[in-house]
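Work through the following exercises with the coordinates open, and keep in mind that the model is predicted.

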Amino acid sequence: MALLPPLPSTPSARPMTFRDLARLGRDNRGIRARPALTFLLITGHFVAYTFVRPILRNVSGVDDDLIGLLLRGYGLAGVAGNFTAGNRASHDARRTLLTIAIALTPRPRRPRQRRPCSSPRPRPRP
C-alpha cells in the first residue's frame, strides 16, 4: 500500500474550539441537516435487509441458497448507489435527495386480474 507524503501545515487565524463547532451547527441549517439525512438514508438501506429476506423466501418463493447471493447483489448495488449519489449530491444535493426519495417511495400495486376458475363455485347450503 502506498503512503502519501504529509501535507504542509497551514497556520490558522485562531484555533477552532468546541464552542465554535456548536455555533456552526446552530447557525447553519445545512450542517445540522446533512448528518441527519445521511443517518436516515444509511439506516433505511440496512433496515431493508430485515424485510427483503422474508419477502424473497415467503412471497417470491426464492430458494434459501439463492437469497444470500441476491442480498450480496443488493448490498453491492447499495454501495454503488452511495458512491453515485455522493458524486451527484456534490453538484446538486436537493435534486439528488429528491430523486432518491422518489425512487424509494412505495407505489401502489395494480390489482391483479382474476383468472376464471375452472371449477364452478360451490353453492351455499340452505
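**Exercise 1.** Determine which residue forms a salt bridge with Arg-14, and then trace the network to which Arg-14 belongs.

*Solution.* Begin with the side-chain nitrogens of Arg-14: the partner is Asp-20, with the closest N and O atoms 3.1 Å apart, and this separation satisfies the criterion of a nitrogen within 4 Å of a carboxyl oxygen. Next, examine Asp-20 for a further partner, which turns out to be Arg-23, again with 3.1 Å between the closest N and O atoms. Arg-23 and Asp-20 both belong to helix α1 (residues 18-27), where they are 3 residues apart, or about one turn of the helix. Finally, compare accessibilities: Asp-20 counts as buried because its relative accessibility is 6%, whereas Arg-23, at 35%, counts as partly exposed.

**Exercise 2.** Find the salt-bridge partner of Asp-92 and classify the accessibility of both residues.

*Solution.* Asp-92 pairs with Arg-95, the closest N and O atoms being 3.7 Å apart. Asp-92 is partly exposed, since its relative accessibility is 31%, while Arg-95, with a relative accessible area of 58%, is exposed. Turning to shared partners, salt bridges join Arg-14, Asp-20 and Arg-23 into one network; the full count is 4 salt bridges.

**Exercise 3.** Describe how helices α3 and α4 are arranged and which residues make their contact.

*Solution.* The axes of α3 (residues 64-89) and α4 (residues 93-104) come within 7 Å and cross at roughly 145°. Ala-85, Arg-88 and Ala-89 contribute from α3, and Ala-93, Thr-96 and Ile-100 from α4. Sorted by class, this contact holds 4 nonpolar, 1 polar and 1 charged residues.

Technical notes
Residues numbered from 1 in each chain as written. Predicted model: local features only at pLDDT ≥ 70, side-chain atom pairs only at ≥ 80, totals over all residues. Heavy atoms only, no water. Axes fitted to C-alpha atoms, helices over the stretch in contact; angles between N-to-C directions. Helix = DSSP H or I, 4+ residues; strand = E, 2+ residues; numbered from the N terminus. Contact = heavy atoms within 4.5 Å. Nonpolar A, V, L, I, M, F, W, Y, C, P; charged D, E, K, R; others polar. Buried < 20%, exposed > 50% of the residue type's maximum accessible area, 1.4 Å probe, protein only.
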